[in-house]
Amino acid sequence: MRNEFRALAELRGRLLWRRFTARGGIAEGVASVVLLVIAVPVGLAFAVAIGFGAFQAVRAAGGLRTDVGASAIFFGIWQTWTAVSLTLNDRDGLDLRRFLVFPIRPARVYAMGLLTGLLGDPVGLVWGAMLGGVFVGAAIARPGAWLAVLLVVLIAFAVATVVLIALIQEVLAAVLSTRRMREWAMIGSVGVSVGFLVLLLWSADRPVRAASDAIPVLRIIQWFAWPGAFPAAAARELFAGRVAASLPWIAGLLLATAITGWLAFRIALAQARGAGSSGEGSVGRPGEVGLGLRGGRFGALLEKEARYLYRQPLARVDALLAPVLMAFVAMKVEPRIPAEAGEVVRALPLFGAAVYCHLLLQAFWLNAFGWERGGARALFLAPLDLTAVLRAKGLVLYAYSLVLFLVSAAVMAAVGKGMAPPWAFAAALVLHAAMAPWLFASGNVVSILRPKAASFAIQRNSALSTFSGLIGMGIVSAAMGAFALPAFLALRMESPAILVGGWVVLGIAGALVLRGVLPREARLLADRREEFLPAVCGDDA
Amino acid sequence: MSDSPERLAVETRGLTRLFDGKPAVSSLDLRVPAGAFYGFLGPNGAGKSTTMKMLTGLLRPSGGEARVLGADLSRDGFEVRGRIGVVPDGLALFERLSGAEMLRIQGQLYGLDRKVAALRAGELLEAMELSAEGGKLVQDYSHGMKKKLALACALIHGPELLFLDEPFEGIDAVAVSGIRRMLQDLVARRALTIFLTSHVLEVVERLVTHVGIIHHGRLIAQGSLAEVRATGSLEETFIRLVGEERPAGTGLSWLGPREVGA
């Protein structure tokens with residue numbers, strides 16, 4: 001058992017190490033350290049805040065403050081942990097198929113996978129810090145033997161959370177076994193979440209029902225989130241000094257964890273043993289014409305890019321996200337801009353939408369070849385000018401971004417109360433067009449130097465390396481800084497003409513830069529094909 | 001470069017490729033006659049795929065010269081690309097296109113008119129017995145279907161020379177048989193030259209007219225099938241040339257029958 005665990009832990013450790021020592025790994029390592037430097041203080045700050053909450057809840061020793069404190073701690077951590085894990089985790093560590101050939105009981109492999117996943121996940125350290133904060137806060141408030149029981153609750157809570165996340169992932173993988181269903185389910189869930197959020201924010205300034213009215217409902221609902229509910233109930237008793245009363249809740253937590261873990265394992269095992277075809281339907285008739293992008297190599301490239309983007313779940317989610325968020329901005333932000341603020345200020349939300357539509361598609365201009373996989377070889381085998389390949393990618397992406405912006409602007413106009421002046425729409429179009437060449441010109445360099453084989457999923461983190469993400473932040477910040485200058489000047493001089501003129505100049509300069517730079521980028525791509533292809537095709541994954 | 005009257009589809013001299021200073025392919029002198037079905041054989045890691053990648057432009061040679069269809073690869077590589085078809089190791093398919101879309105777009109990328117490309121795509125899908133799956137995304141194809149589609153993609157522009165890297169690897173006997181028949185037919189019609197790497201010797205022996213054997217990055221035999229295999233089978237010749245030097249039965253003494261529960 002110990003040998004098996006050690007081997008599995010070593011495997012995960014080595015894979016992590018290889019990621020940093022592989023080609024380009026040093027940059028990835030530096031980027032990860034930068035993120036960790038940001039994440040650790042944030043995690044510690046949360047730990048201190050949660051620890052203080054636990055301290056107060058224990059000191060109150062019962063009553064509303066204890067009840068609310070215990071619930072807030074466990075439901076809060078559970079909700080964030082689950083959301084982050086479902087977004088970030090790619091289930092790699094839980095893939096039983098890889099381990100079925102070894103003479104180890106699958107259940108043990110699965111349990112070890114969960115455990116090493118829990119201990120080896122850097123993000124998991126943040127949750128660990130928070131739970132540590134709860135323990136320390138409670139210990140300072142009331143030292144004693146009861147802390148041993150609290151420790152059991154905290155550990156069981158962590159295991160329960162991980163196990164339920166695993167079950168959700170297994171069920172999703174099993175039920176949504178066809179790609180199309182999976183994509184639509186993901187888009188649907190994002191849509192429901194966004195819709196719920198908008199509804200919540202919409203009703204924020206309307207009379208809210210008294211909290212007491214909602215409590216009975218919440219009490220029933222909470223059991224759907226049992227990894228938070230059981231420990232919260234146990235902690236309420238423990239904080240109030242009733243150790244014996246906490247025991248049934250702890251037993252319930254352990255039992256539910258065991259049942260959930262068993263279910264997750266059985267589904268995973270059935271999936272691993274019965275991995276079959278995905279059973280996809282057709283996307284069209286053989287030889288269909290479609291799209292209307294006719295003739296020539298460049299037309300074929302445009303068509304290929306358009307079809308790829310259209311079939312990309314992340315792009316579909318963006319199409320859903322942009323108008324919804326912009327509707328929210330129009331409903332909530334625009335009416336709050338005073339009329340006397342001036343036309344330029346009133347137009348800012350629309351300008352924000354123009355920029356945001358580029359930001360949403362960041363993964364596509366920072367990792368332009370990430371979804372080509374083996375197809376990338378075809379671009380080098382065919383007698384193609386790689387400049388045309390880059391140009392086609394940029395054009396299709398710009399067109400898609402423009403559609404997003406037009407739809408968003410239309411939604412903003414429809415629901416907004418403090419509508420932007422008409423000239424602002426033209427200015428926003430100029431801003432959108434002017435920013436594109438700068439972003440694409442620099443994004444191409446990142447795409448060529450830091451390619452990553454991306455999965456067709458909606459998780460943005462799977463589409464970009466940490467390093468590319470950081471560089472992207474730099475590019476966007478620089479572009480926004482440059483395009484903000486005319487806006488500042490226009491605000492100061494109260495002249496929209498300066499704003500539009502400045503952006504036109506920046507746009508022309510960007511177009512010239514892109515034109516000059518594209519052939520060089522194409523040469524760079526051709527020169528780097530030996531490093532580029534394994535990274536894009538996933539051969540070095 | 002050639003000093004013989006024989007027309008050569010591929011000719012290399014001193015072709016070398018180093019990885020981290022170590023030779024993966026060393027001073028390779030290949031001669032592939034035009035119209036031949038050339039089997040490029042070797043054990044795993046011998047340098048077959050590296051050679052093919054150099055000949056198709058995916059890898060840059062560290063040294064030596066290569067001429068493909070009479071053109072100098074280092075100078076006229078772009079022009080050569082339009083005249084060859086390639087099924088590389090790992091394939092070169094855009095998996096989010098349907099099979100029919102993939103074929104037509106591939107044809108257009110090689111300069112075919114859209115209508116011609118669509119017409120040929122239909123014919124190739126039929127020839128590969130993929131017509132019913134033409135509307136399905138490539139991603140959802142089985143491995144054998146992907147190999148057949150990749151072969152169709154390599155053929156759609158009517159190449160003069162076809163490079164196939166391990167076309168029979170990972171596919172079932174039925175698919176192997178289908179592909180084999182098609183390749184035999186193409187060569188019988190003198191439609192094109194085929195350069196194929198493989199380590200499935202029985203299949204290769206039934207297909208090829210010429211053979212080259214590479215071992216540790218060096219060409220150790222080359223010529224017509226009859227010349228290379230002489231009196232034995234291709235497999236016997238291959239094993240004699242690249243076979244294990246360690247005598248059987250040495251080492252691994254702990255392997256063997258053991259009692260249950262031991």
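The following paragraphs describe a predicted model, beginning with its two chains, A and B, as wholes and then turning to selected residues and elements.

Chain A is built from helices: its secondary structure comprises 20 helices and zero strands. Of its 541 residues, 46% count as buried. Contacts within chain A often span long stretches of sequence, since among those between residues at least 6 apart, 82% join residues at least 24 apart. The accessible surface of this chain amounts to about 25900 Å², and carbon and sulfur atoms account for 70% of that area.

Chain B has a mixed secondary structure, with nine helices and 11 strands. Buried residues make up 54% of its 262 residues. For a chain of that length, a compact globule would have a radius of gyration near 18 Å, and the 20 Å found for chain B agrees with this expectation. Along the principal axes, the C-alpha atoms of chain B fill a box of roughly 65 × 60 × 40 Å. Of the contacts in chain B between residues at least 6 apart in sequence, 67% link residues at least 24 apart. Chain B exposes about 12000 Å², and 50% of this area is supplied by carbon and sulfur atoms. Its charged side chains number 31 positive and 32 negative, and the centres of the two sets lie 3 Å apart.

Within chain B, helix H1 covers residues 48–56. Seven of its nine residues are buried, and the helix is therefore largely enclosed by the rest of the structure. The buried residues are Lys48(B), Thr50(B), Thr51(B), Met52(B), Met54(B), Leu55(B) and Thr56(B). Directly after H1(B) comes Gly57(B), which adopts a positive phi of about 90 degrees.

Another helix of chain B, H9, spans residues 234–242 and contains Leu241(B). This leucine is partly exposed, with a relative accessible area of 31%. Apart from neighbours within four places in sequence, Leu241(B) is in contact with Ile213(B), His215(B), Ile220(B) and Ala221(B). Between Leu241(B) and His157(B), by contrast, the C-alpha separation is 38 Å, and the two residues are 84 positions apart in sequence.

In chain A, Glu494(A) lies in the loop that connects helix H18 (466–493) with helix H19 (496–527). Glu494(A) is exposed, at a relative accessible area of 71%. Its C-alpha atom is 69 Å from that of Arg108(A), a residue 386 positions away along the chain.

The cysteines remain to be considered. A disulfide is a covalent bond between the sulfur atoms of two cysteines. Over all chains, the count of disulfides comes to zero, where a pair of sulfur atoms must lie within 2.5 Å to qualify. Why does Cys537(A) form no bond with the closest cysteine? The closest cysteine sulfur to that of Cys537(A) belongs to Cys153(B), and the distance of 15 Å is too far for a bond. Cys537(A) itself counts as buried, at 10% relative accessibility. Cys357(A) is also buried, with a relative accessible area of 0%.

Conventions. Residues are numbered from 1 along each chain as its sequence is written. Chains are lettered from A and ligands numbered from 1 in the order in which they are written. This is a predicted model: local features need pLDDT of at least 70, side-chain atom pairs count only at pLDDT 80 or more; totals for chains, interfaces and linings use all residues. Side-chain values use heavy atoms; hydrogens and water are left out. Helices (H or I, at least four residues) and strands (E, at least two) are DSSP runs, numbered from the N terminus. The radius of gyration is taken over C-alpha atoms; the globule rule is 2.2 Å times the number of residues to the power 0.38. Buried means under 20% relative accessible area, exposed over 50%, partly exposed in between (1.4 Å probe, protein chains only). Contact means heavy atoms within 4.5 Å. Accessible areas come from the Shrake-Rupley method with a 1.4 Å probe; for residues, only the protein chains shown count as cover. Lys and Arg count as positive and Asp and Glu as negative; His and the chain ends are not counted. The place of a charge is taken as NZ of Lys, CZ of Arg, CG of Asp or CD of Glu.
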